[in-house]
Every structure is written in C-alpha cells, then in structure tokens.
Amino acid sequence: MTETPLVCEPRHASWFTPEADALLTGRRISRAAADPVRAAGAGVPGGWLGLRWRLHGAPRVYYSDYAAPDLEALASGAAAANALAVRGLVGEP
C-alpha cells in the first residue's frame, strides 16, 4: 500500500466487478469514473473513493468542453484549491 493517491482508469469489463472493486479498495487505489463511458460500469467511481473522476470531454473525446453546471455538479471541497496548487507545483501561472 502507498500513501500516494493512485487512480486506475480501466477499459476492460473485468475491472467493473465486485472482486476488482475489493482489490482496488484494499490497496487504496481509486477506479475513476470516466467520461465518456467505454465499458459497462465505467461511469461510476469504484475502489477507494478518495479520487473519483477523469473527464476526457463529451461528446467528442479530448475536444469537447464541459458546461459550467456540469462542472459545478462535480466540484467538491478543495477541488479548485488543489487544482491551483498543482498548477503552481508544475510551474504554470
């Protein structure tokens, strides 16, 4: 187990089972809910629930923008502050 937050973003259906969920939870690994969904169950977070979402753009992957209400529905607690801290750590203004 690690103290570093890890996220798995699987594509194969075998990762969306109770057994896989228990395996990830026991190792403190999140299974991201991905958008757009590429496998049944991929739209719901699983494993350790410390990290939850990975957004690629929808309906066009890596291109489409998300509307403000959609982002507001996903925002929580320290999400914005954490994002700004990461930008600072990687040297972006």
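Two residues are in contact when heavy atoms of theirs lie within 4.5 Å. Keep that cut-off in mind during the tour, and remember also that the model on your screen is predicted.

**Stop 1: the whole chain**

Start with the protein chain as a cartoon, where you can find three helices and five strands. If you follow the chain along its sequence, these elements come in the pattern β-α-β-β-β-β-α-α. Now switch to a surface view: the protein chain exposes about 6500 Å², and carbon and sulfur atoms supply 60% of that area. Of the 93 residues in the protein chain, 20% are buried. When the contacts with a separation of 6 or more are considered, 25% of them in the protein chain join residues 24 or more positions apart.

**Stop 2: the open sheet**

Next, select strands E1, E2 and E4, which form an open sheet of three strands in the order E1-E2-E4, with mixed pairing. Strand E1 (6-8) and strand E4 (46-47) are the edge strands, and each has a single partner strand, so one side of each is left without a neighbour in the sheet. Colour strand E2 (residues 29-31) together with E1, and you have a pair that runs in the parallel sense and is joined over three bridges. To look at one position in this pairing, select Cys8, which stands opposite Arg31 in E2.

**Stop 3: Arg11 and the cavity**

From E1, move on to Arg11, which sits in the loop between E1 and helix H1 (18-26). Is Arg11 buried or exposed? Its relative accessibility is 41%, so Arg11 counts as partly exposed. Show the side chain, and you will see that the side chain of Arg11 reaches the backbone oxygen of Glu9 at 3.2 Å. If residues up to four places away in sequence are not counted, Arg11 touches Phe16, Arg38 and Ala39. You can also draw a distance from Arg11 to Gly41, which is 30 residues apart from it along the chain; their C-alpha atoms are separated by 10.0 Å.

Arg11 also leads to a space inside the model. Rolling a probe the size of a water molecule over the atoms shows where empty space is left. A search of the whole structure finds one cavity of 30 Å³ or more, and the largest cavity has a volume of about 30 Å³. Which residues line the largest cavity? Select Glu9, Pro10, Arg11, Ala34, Pro36, Arg38 and Ala42 to display its lining.

**Stop 4: Gly43**

Now select Gly43, whose place is in the loop between strand E3 (33-35) and E4. With a relative accessibility of 29%, Gly43 counts as partly exposed. Add Ala33 to the selection: Gly43 and Ala33 are ten residues apart along the chain, and their C-alpha atoms are separated by 4.7 Å.

**Stop 5: Ser64**

Finish at Ser64, which is found in the loop between strand E5 (53-55) and helix H2 (68-74). The relative accessible area of Ser64 is 19%, and buried means under 20%, so Ser64 is counted as buried. Show its side chain and look towards Arg60, because the side chain of Ser64 reaches the backbone nitrogen of Arg60 at 2.8 Å, a pair that falls within the 3.5 Å cut-off for a polar contact. Which residues is Ser64 in contact with, leaving aside its neighbours within four places in sequence? Select Gly57, Ala58 and Pro59, and you have them on the screen beside Ser64.

Conventions. Residues are numbered from 1 along each chain as its sequence is written. This is a predicted model: local features need pLDDT of at least 70, side-chain atom pairs count only at pLDDT 80 or more; totals for chains, interfaces and linings use all residues. Side-chain values use heavy atoms; hydrogens and water are left out. Two strands pair if DSSP finds at least two bridges between them. Helices (H or I, at least four residues) and strands (E, at least two) are DSSP runs, numbered from the N terminus. Buried means under 20% relative accessible area, exposed over 50%, partly exposed in between (1.4 Å probe, protein chains only). Accessible areas come from the Shrake-Rupley method with a 1.4 Å probe; for residues, only the protein chains shown count as cover. A polar contact is a pair of N or O atoms within 3.5 Å; within protein, one must be able to donate a hydrogen and the other to accept it, and residues adjacent in sequence count only if both atoms are side-chain atoms. On a 1 Å grid over the protein atoms alone, a cavity is a set of points where a 1.4 Å probe fits but cannot get out, and a pocket is an open set with protein on both sides within 12 Å along at least five of seven lines; lining residues have an atom within 4 Å of a point. Grid points are joined across faces, edges and corners, and a volume is the space filled by probe spheres set on the points.
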